[in-house]
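Student: I should like to take a close look at a single part of a protein model and then see how that part fits into the whole. Could the explanation please proceed step by step?

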Amino acid sequence: MKLTSLLFYVSSFLAGISCFDAAAQDLDNMGKQKPFAINGSLGIGLGTYNANGIPDRQRAFSYIFNGAPTLSLYGVSFPFSVVVSDQQRSYTQPFNQYGISPTYKWATFHAGWRSIEFSPFTLAGHTFLGGGVELNPGKLRFGFIYGRFNKAIEEGPIQSSGFGQLPAYKRTGYSAKLGLGTERNHVDLIFLNAKDDVNSLKNPTPVAGLKPAENLVLGLSTKFTFFKHFLFDLDVSGSIYTNNKLSDTIDNIQLEKVAIIRKLVTLNTSTQFLTAGQTSLGYQGVTYNVLFRYRRVDPDYKSMGAYYFETDVQNYTAEGGVRLLKGQMQVNATLGLQNDNILKDKSYRSNRKIGSLNLSYNKSNYGVDLRYSNYGITQDRGLNPIIDTFRVARTNHNINAMLRYNIPGQVISHGIILVGNIQSVVDLNRFTAAQNKSNSKTANLSYQLTFAPQAFGVNTNFNYTVADISFGRTVFYGPSVGLDKQFEKGKYGLNASLSYQQQQNNNKNAGNIFNSNLNGSYRISKRDAANVSLMYLKSNSKDITLPSFNELRSSLSLTHSF
C-alpha cells in the first residue's frame with residue numbers, strides 16, 4: 001500500500017469517529033495518563049425582563065440549561081456542549097474536526113484534521129483531513145503531509161433569503177519539506193501540489209466562479225542567527241496556479257529542463273505564475289534593537305495551502321527600540337511605507353505611510369505611557385492621471401497617554417489612573433476636506449480604594465468624550481461609582497455600581513442615561529456556586545426622534561462542576 005493511501009485511510013477512520021485539533025501527544029507520557037476521565041460543568045439560569053417606553057427587547061421570562069462535559073481518553077480531550085433554553089435546544093460538539101499528533105523522540109505523526117505550517121507562502125495553516133509525518137533527527141528537517149483540503153459540496157436549493165449552498169469540488173493535495181539545521185538556524189525547501197477533482201460533483205452547474213483548479217508551489221524558507229546578535233530570515237515562493245483545468249491547453253510552451261512541471265500541474269490559458277516573498281534583518285543588543293523588514297506579494301497570488309493573502313502589496317518597515325535607566329524607560333519606534341500597483345498595470349497607485357512612537361517610564365508606584373501613531377494615504381497616477389477633485393490624500397493622527405499612581409499598603413491601598421486620547425483626520429484635499437472632518441478627544445479619570453483586611457473596595461470613574469464631525473459636535477460625560485465586598489474568604493460576594501451619562505448635541509441637551517447594577521455570589525461548595533443579579537436602566541431622551549424608556553432585568557444562575 002502506498003504511503004499516501006495509508007495516511008489517508010488512517011485519517012478517514014479518525015474522521016469517522018470525529019476528531020478535534022489536539023495538541024501533540026508525547027507517546028512516552030501517554031501511558032501515565034488516565035485511560036478514561038470525564039469532567040466539565042452544568043448550569044441552569046432564570047431571567048426576567050420588563051420595559052416601559054419601548055418594545056420589549058427580550059422575553060419577560062427566560063430560562064437556560066447548559067452543560068459542557070469533556071471526555072478524556074489517555075490525555076486526549078473530546079469536548080461537548082448541551083444547551084436547552086426557551087429560545088433554542090441544541091447538542092453540539094464544538095470541535096467537529098478531530099485529529100492527533102503523537103510525538104516520539106524526534107518523530108511526530110499527524111492523523112485526522114490537521115493545520116500545519118511549513119512556510120508563510122506555501123503550506124500555511126490550511127486545515128486538511130489526512131495524515132503526515134515530521135522527522136527531525138539531528139539537523140535533518142523532513143516533513144510530509146497528504147490529505148483532502150476541501151470536500152465536494154453539491155449545489156443546494158435557494159433559500160428564502162435568496163442564498164443557496166455554494167458548491168465546491170473535492171480538493172486533495174500533498175506537501176513536503178526538506179531542510180537542514182535547527183529552529184534558530186535552518187534552510188528549508190518546501191513543495192506543495194494540490195488539485196480539484198473534476199468528477200467529484202454529480203451535477204456540476206455553471207456557477208460563476210466555480211472552476212476546477214490546480215496548484216503547484218515551490219518555496220524556500222531560511223532563518224539564521226549570526227555574530228550572536230544578528231537575525232536574518234527569508235521566505236520566497238513561486239506559485240503556478242491554474243484557475244480552470246478545463247480551459248484551452250497550450251501546446252507550444254518550451255519548458256526545456258523543467259518539463260517535469262507538465263506532469264505535476266495542468267498548464268493552459270488560465271495558468272498564472274506569481275511570486276511572494278518577505279525578508280528581515282535585525283540586531284538584538286542588550287539595551288537596544290533594530291529590525292528592517294521587506295514584503296512583496298504579487299497581485300492575486302494564491303496557494304492552496306493557505307486561506308488568504310493580502311496581495312498586490314509592497315511593504316518597507318523599520319523598527320527600533322532602546323531601554324534606558326536599567327529598563328525602567330523604554331522607547332520604541334516604527335516607520336512603514338506601503339504601496340500597491342506593483343506591476344504598474346492599474347489606473348492609480350496608493351501610497352500609505354504608517355509611523356508610531358512609544359515612550360514609557362514605569363516604576364513600582366507610578367508610571368507614564370505615551371504613544372503617537374499616524375496613518376497616511378496618498379494617490380499617484382498609474383496608467384491614468386488623477387483628477388484633483390477625487391484625489392485621496394489623508395492622514396490620521398492618534399495620541400494616547402496614561403498616567404498611573406499607586407499607594408500600596410497592607411491595610412489600605414490607593415490607585416489613580418488618568419487616560420487621555422486625541423484622534424483626528426486631516427484631509428489634505430481641499431475639495432473634500434470639509435466633508436471628511438473628524439476629531440475626537442477622550443479623558444478618563446479613575447480612582448480605586450481597597451481595604452485589604454475587610455476585602456472591601458470602592459472605585460470611582462469620570463469619563464468625558466467630545467467628537468467633532470462635519471455636521472456637528474457631540475459630547476458625552478458622566479461619573480460612575482462601584483462597591484465590592486467579599487465575605488468569609490470569598491464564600492459570599494456582593495458588588496454594586498451606579499453610572500450616569502449626559503449627552504449634548506451641538507451644545508443642546510440631548511438627554512441622559514442612568515444605569516445601576518447589583519450582583520451577588522455564593523460559593524455553596526467547591527463544586528457548586530450561585531449568582532444573582534439585578535440591572536436597571538433609565539434613558540431620558542431630549543431628542544424627538546428617540547423615546548425615553550426604562551428597563552429592569554434580573555437573573556439567577558446555579559452552576560456545578562465535576
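Student: In which strand is the place of E214? Please describe that residue closely, and then its surroundings.

Tutor: The model shown here is a predicted one. E214 has its place in strand 16, which covers residues 214–226.

Consider first how much of this residue can be reached from outside. The relative accessible area of E214 is 3%. Because a residue counts as buried when that value is under 20%, E214 is buried. Its side chain takes part in a polar contact: the side chains of E214 and T266 are joined at 2.9 Å. Leaving aside residues up to four places away in sequence, E214 touches A194 and K195, then I240, Y241, T242 and K245, then L264, V265 and T266, and also M304. T266 is thus both a residue that E214 touches and its partner in the polar contact.

Strand 16 also has a part in a pocket. The second largest pocket has a volume of about 300 Å³, and 16 residues line it. Strand 16 gives the most to this lining, namely three residues. Strand 15 (186–196) and strand 17 (230–242), like strand 16, each supply at least two residues of the lining. Nearest the centre of this pocket lie F118, R141, E183, H186 and D188. By class, the lining comprises nine charged, five polar and two nonpolar residues.

The largest pocket may be set beside it. Its space amounts to about 500 Å³. Among its 23 lining residues, N150, R171, A213, Y241 and K302 are the closest to its centre. Y241 is also one of the residues that E214 touches. The lining of the largest pocket has twelve nonpolar residues, together with six polar and five charged ones. As for the general idea, rolling a probe the size of a water molecule over the atoms shows where empty space is left.

Next, follow strand 16 to the loop between strand 16 and strand 17, where K228 has its place. K228 has a positive phi of about 70°, although it is not a glycine. This deserves attention because most residues other than glycine have a negative phi. With a relative accessible area of 76%, K228 is exposed, whereas E214 is buried. A further example is K344, in the loop between strand 21 (329–339) and strand 22 (348–362). K344 is not a glycine either, and its phi is positive, about 60°. K344 counts as exposed, at 65% relative accessibility.

M304, one of the residues that E214 touches, leads to another part of the chain. The C-alpha atoms of M304 and A124 are separated by 9.1 Å, although the two residues are 180 residues apart along the chain. A124 has its place in strand 12, residues 124–135. Apart from residues up to four places away in sequence, A124 touches I116, E117, S119, G305 and A306.

Another buried residue is S175, in strand 14 (residues 171–181). S175 has a relative accessible area of 0%, so it is buried. A polar atom of its side chain lies 2.9 Å from the backbone oxygen of F191. Beyond residues up to four places away in sequence, S175 touches F118, L123, G143, F144, I145, I190, F191 and L192. F118 in this list is also one of the residues nearest the centre of the second largest pocket.

A last residue for comparison is S72, which lies in strand 5 (residues 70–73). S72 is buried, with a relative accessible area of 12%. S72 and F36 are 36 residues apart in sequence, and their C-alpha atoms are 5.7 Å apart in space. With residues up to four places away in sequence not counted, S72 touches P35, F36, A37 and S77.

Finally, these details may be placed in the whole. The protein has 32 strands and three helices. Of its 562 residues, 32% are buried; E214, S175 and S72 are among them. Among contacts with a separation of 6 or more, 54% are between residues 24 or more positions apart. The accessible surface of the protein comes to about 33,400 Å², and carbon and sulfur atoms account for 60% of it.

How values were computed
Residues are numbered from 1 along each chain as its sequence is written. This is a predicted model: local features need pLDDT of at least 70, side-chain atom pairs count only at pLDDT 80 or more; totals for chains, interfaces and linings use all residues. Side-chain values use heavy atoms; hydrogens and water are left out. Helices (H or I, at least four residues) and strands (E, at least two) are DSSP runs, numbered from the N terminus. Buried means under 20% relative accessible area, exposed over 50%, partly exposed in between (1.4 Å probe, protein chains only). Contact means heavy atoms within 4.5 Å. Accessible areas come from the Shrake-Rupley method with a 1.4 Å probe; for residues, only the protein chains shown count as cover. On a 1 Å grid over the protein atoms alone, a cavity is a set of points where a 1.4 Å probe fits but cannot get out, and a pocket is an open set with protein on both sides within 12 Å along at least five of seven lines; lining residues have an atom within 4 Å of a point. Grid points are joined across faces, edges and corners, and a volume is the space filled by probe spheres set on the points. Ala, Val, Leu, Ile, Met, Phe, Trp, Tyr, Cys and Pro count as nonpolar, Asp, Glu, Lys and Arg as charged, and the others, Gly among them, as polar. A polar contact is a pair of N or O atoms within 3.5 Å; within protein, one must be able to donate a hydrogen and the other to accept it, and residues adjacent in sequence count only if both atoms are side-chain atoms.
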